[in-house]
Amino acid sequence: EFEPTPIWVAVMTYLGYAVLFVFGHLRDFMRARNFETTKIAQELSSMKNFPALYHDFESFYTRNLYRRIRDCWNRPICSTPGPTFTLVERTTDDYGWTFRFTGKKNEYINLGSYNYLGFAESHGLCADATIESIKKYGVTCSSSRAEIGSITIHQKLESLVAEFVGKESAMVFGMGFATNSTNMPVLVDKGCLLISDELNHASLVLGARLTGATIKVFKHNDMEHLEGILRSSIIDGQPRTHRPWKKVLIVVEGIYSMEGSLVNLPEVIRLKKKYKAYVYLDEAHSIGALGPTGRGVVEHFGCNVDDVDIMMGTFTKSFGGSGGYIAASKEIIDRLRINSHSQLYAMSMSPPVVQQVLSAMEVIMGKDGTTNGRERIQALARNSRYFRQAAQKMGLLVYGNDASPVVPMLLFHPAKIAAASREMKKRGVAVVVVGYPATPIVESRVRFCISASHTKEHLDQALSALDEVADLLILKYSQRNPPCSFHSIRKWLEDKAFIVSS
């Protein structure tokens, strides 16, 4: 899943950042002595002795690196995030400090949204049902679930989620991030051991820190390292007292959203059984997108759902909605209903969002009487494989598993972050570029998100543009595949029978 970085690329990347840092400090020196005007917010003199809101390096990075290429992010769109979308064009006259709209709108191929199964649409079964739900329930419950914010479709969705993932009970929440961060403290606390993959999402990291449990981190998908931590931790027990741990919880993701890699779930389950631990599985990106019927990484590997103690997922990716769920035994879910901060204090899921998720899930499960859901899952798998293998064959350094709809392509050099985004946009393709702090500082990348709604024409146009940009910016770093053009491999792709959705 991870091709090694060529040594010369790593050296040049570090050199590129060194040059940027030198010039950044020079600019700060000039600003401090009023040789250069600055639009940075200044602290009041009365607050100079207050603790800093940000670490020095974070502030330096934002001011001198991120600000100059800020046009590559936060782009305003004015359409549904389908296979294509409409961007509101803007420009900056002061190198990223401020922006102004140009009055133009243009359509681009969308390779950045998490619309895996294409349910983020303004027409069709799901949209029609959502509009009807607004007429019946309005747009808000104006209360938390624990008070008077539970309505019949909340309960219906929870029952359907439990049925879909194969668990006894389930609970839904209005925000995916909060599903992790506010519920993990209910599951483990002081005296427990939480073992987390080093590449887990920020919501899992925050949730783990709020638990009060002892946290240990294992190398990404390294089962030997995980077993070593389990073995030594159980032998040593709790710090100072050496008492046995109250619980041991292993926290992993189904698809890692920045790497496109899949958790080695069979091995995680084997270790869980061997050392009597529990498993918390975050399926934010894998539920709906993996497995023959979209039931996620558990189905993809053919594992028993009963071997995963807590299953978490979100509705923002494959279901075209928002919010998240936790599915587990009735005993665990009942405990969450009483103690979860999201249940007690947060606003319940908006009724039209609940209906959108309900409708999408029913389509995936075939409860609408059609095979549309199955066809979307198959189209996503074909499209993901087509795009990933085409990019690899062209000589691009791509991370992740062939089954993953997340396709990260490494850029490395800081100057190429903005260049790749801007050049793809010139060619009619909108992409997401990612750098520090979302990735290690020397592993900047483009993260392509593939959808079942993309046609062969969309993907071919995007790959052709990517081929041009890769040649222009010298991005074909792979040592496994020699550089070649997309045109030269189209016949190979056809011979491999990659039939993409139409």
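The following paragraphs walk through the sheets, a pocket and two loop residues of this predicted model.

We may begin with the strands. Seven of them form an open sheet with mixed pairing, and their order is E3-E9-E8-E7-E6-E4-E5. The two edges are taken by strand E3 (169-173) and strand E5 (214-218); each has a single partner strand, so one side of each is left without a neighbour in the sheet. On average, and with direction ignored, neighbouring strands here are turned by 20° against each other. Within this sheet, strand E8 (residues 310-314) and strand E9 (residues 324-328) are antiparallel, with four bridges between them. One point of reference along this pair is Met-312, whose bridge partner in E9 is Ile-326. For readers tracing the side chains, it helps to recall that in a regular strand they alternate between the two faces of the sheet.

A helix can be placed against the E5 end of this arrangement. Helix H8 (residues 223-236) lies across strand E4 (193-197), E5 and strand E6 (248-253). Relative to E5, H8 runs at about 150°.

A further open sheet has three strands in the order E10-E13-E12, with antiparallel pairing. Its edge strands are strand E10 (406-412) and E12, each of which pairs on one side only. From one strand to the next, the twist averages 25°. E12 and strand E13 (residues 444-449) run antiparallel and are joined by three bridges. In this pairing, Val-432 stands opposite Arg-447 of E13.

Other pairings involve strand E2. Strand E1 (residues 84-91) meets strand E2 (residues 100-110) in the antiparallel sense, over seven bridges, and Val-88 stands opposite Lys-105 in E2. E2 also pairs with strand E11 (residues 429-430), this time in the parallel sense and over two bridges. Here Ile-109 stands opposite Val-429 in E11. E2 thus has both an antiparallel pairing, with E1, and a parallel one, with E11.

Attention now turns to the second largest pocket, which holds about 590 Å³ of space. The pocket is lined by 27 residues, and those closest to its centre are Tyr-61, Leu-65, Tyr-66, Arg-67 and Ile-69. Two or more lining residues come from each of helix H1 (7-32), helix H2 (56-66), helix H15 (415-426) and strand E12 (432-434). Of these elements, H1 gives the largest share, seven residues. Strand E12 therefore links two parts of this description, as an edge strand of the three-stranded sheet and as a contributor to the pocket lining. By class, the lining comprises 18 nonpolar, four polar and five charged residues.Two loop residues round off the picture. Most residues other than glycine have a negative phi. Asn-34 has a positive value instead, with phi near 60°. This residue sits in the loop between H1 and H2, and Asn-34 counts as exposed because its relative accessibility of 69% is over the 50% cut-off. Arg-240 also has a positive phi, near 70°, and is found in the loop between H8 and E6. With a relative accessible area of 79%, Arg-240 is exposed too.

Note on methods. Residues are numbered from 1 along each chain as its sequence is written. This is a predicted model: local features need pLDDT of at least 70, side-chain atom pairs count only at pLDDT 80 or more; totals for chains, interfaces and linings use all residues. Side-chain values use heavy atoms; hydrogens and water are left out. On a 1 Å grid over the protein atoms alone, a cavity is a set of points where a 1.4 Å probe fits but cannot get out, and a pocket is an open set with protein on both sides within 12 Å along at least five of seven lines; lining residues have an atom within 4 Å of a point. Grid points are joined across faces, edges and corners, and a volume is the space filled by probe spheres set on the points. Ala, Val, Leu, Ile, Met, Phe, Trp, Tyr, Cys and Pro count as nonpolar, Asp, Glu, Lys and Arg as charged, and the others, Gly among them, as polar. Two strands pair if DSSP finds at least two bridges between them. Axes are lines fitted to C-alpha atoms, for helices over the stretch in contact, and angles run from 0 to 180 degrees between N-to-C directions. Contact means heavy atoms within 4.5 Å. Buried means under 20% relative accessible area, exposed over 50%, partly exposed in between (1.4 Å probe, protein chains only).
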